[in-house]
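Colleague: I have the structure open. Can you take me through it, one point at a time?

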Amino acid sequence: MLSDYPCFPILLSKDLDASRDFYHGTLGLEIAREDEDDRIVFRCGGGTQLVVTKSTTGTSDTQTQMAWRVPDIRAAVDDLRARGVRIEEYTAPDPVTTDGVADMGHSSAAWFLDSSHNVLAVVQPKG
């Protein structure tokens with residue numbers, strides 16, 4: 001049943017003002033709505049949404065929480081850098097990045113952090 005319905009990520013934020021500045025001001029996502037100082041809903045491509053909710057603890061996870069599928073990884077990385085976003089660099093064992101981009105076999109990927117240290121990515125599938 002659930003395979004028939006869209007889903008949306010929910011990220012945690014200790015500072016919604018900083019999250020608004022990052023997602024709207026830096027990344028350029030349109031704000032769909034804000035609810036009583038406890039969440040902001042942003043519009044993304046293909047009719048999808050990203051929800052950022054107020055949290056007292058934030059996240060301590062170092063794994064990717066959300067990724068955007070992009071047609072050109074290099075153009076996406078260049079655009080993010082032009083917006084002032086720091087692209088993460090990783091060394092062995094895995095993944096290894098070169099100028100911010102890792103070859104994951106099935107795709108190329110680059111990672112960056114939001115203001116609450118959520119790990120975000122841009123991914124270009126191969127083939």
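**From one serine to the sheet**

Modeller: Start with serine 13, which lies in strand β1. Keep in mind that this is a predicted model.

Colleague: Is serine 13 buried or exposed?

Modeller: Look at the accessibility. Serine 13 has 0% relative accessibility. Buried means under 20%, so serine 13 counts as buried.

Colleague: Which side chain makes a polar contact with that of serine 13?

Modeller: Begin with what serine 13 touches. Leaving out residues up to four places away in sequence, the list is Ser19, Val52, Thr53, Lys54, Ser55 and Ser116. A polar contact of 3.4 Å links the serine 13 side chain to that of serine 116.

Colleague: Ser19 is in helix α1. Which residues of α1 are buried, and why are they on the same side?

Modeller: Helix α1 covers residues 16–26, and its buried residues are Leu16, Ser19, Phe22 and Tyr23. They span an arc of only 125° around the axis, which puts them on the same side of α1. In general, an α-helix has 3.6 residues a turn, so residues three or four places apart point the same way. The buried residues are therefore on one side because of that arc of only 125°.

Colleague: Which residues are exposed on the other side of α1?

Modeller: The buried residues of α1 have a cover that includes β1, β3, β4, β5, β8 and β9. The other side of α1 has exposed residues: Asp21 and Gly25.

Colleague: At the start of α1, which backbone nitrogen does a side-chain oxygen of aspartate 15 reach?

Modeller: The oxygen comes to within 3.1 Å of its partner. A polar contact needs N or O atoms within 3.5 Å. The nitrogen belongs to aspartate 17.

Colleague: Where does helix α2 lie, and at what angle does it run to β9?

Modeller: Helix α2 takes in residues 73–82. It lies across β6, β7, β8 and β9. Its angle to β9 is about 150°.

Colleague: Which residues of α2 are buried, and what arc do they cover?

Modeller: The buried residues of α2 are Ile73, Ala76, Val77 and Leu80. They are on the same side of α2 because of the narrow span around the axis, an arc of only 95°. Their cover includes β7, β8 and β9. The arc, again, is 95°.

Colleague: Which glycine comes just after α2 with a positive phi?

Modeller: First, the start of the helix: a side-chain oxygen of aspartate 72 is within 3.1 Å of the backbone nitrogen of arginine 74. Just after α2, phi is positive, about 90°, at glycine 84.

Colleague: In what order do the strands of the open sheet run, and which are the edge strands?

Modeller: Five strands form the open sheet, with mixed pairing. The order is β5-β9-β8-β7-β6. Two strands pair on one side only, and these edge strands are β5 (64–69) and β6 (97–98).

Colleague: How many bridges join β8 to β9?

Modeller: Strand β8 is residues 107–113 and β9 is residues 119–125. They run antiparallel. Alanine 110 stands opposite valine 122 in β9. The bridges number seven.

Colleague: How many disulfides does a search of the whole structure find?

Modeller: Take cysteine 7. Its closest cysteine sulfur, in cysteine 44, is 12 Å away, too far for a bond. Cysteine 7 is exposed at 66% relative accessible area, whereas cysteine 44 is buried at 18%. The number of disulfides found is zero.

Terms used:
Residues are numbered from 1 along each chain as its sequence is written. This is a predicted model: local features need pLDDT of at least 70, side-chain atom pairs count only at pLDDT 80 or more; totals for chains, interfaces and linings use all residues. Side-chain values use heavy atoms; hydrogens and water are left out. Two strands pair if DSSP finds at least two bridges between them. Helices (H or I, at least four residues) and strands (E, at least two) are DSSP runs, numbered from the N terminus. Contact means heavy atoms within 4.5 Å. Axes are lines fitted to C-alpha atoms, for helices over the stretch in contact, and angles run from 0 to 180 degrees between N-to-C directions. Buried means under 20% relative accessible area, exposed over 50%, partly exposed in between (1.4 Å probe, protein chains only). The arc is that of the directions from the helix axis to the C-beta atoms. A polar contact is a pair of N or O atoms within 3.5 Å; within protein, one must be able to donate a hydrogen and the other to accept it, and residues adjacent in sequence count only if both atoms are side-chain atoms. A disulfide is a pair of cysteine sulfur atoms within 2.5 Å.
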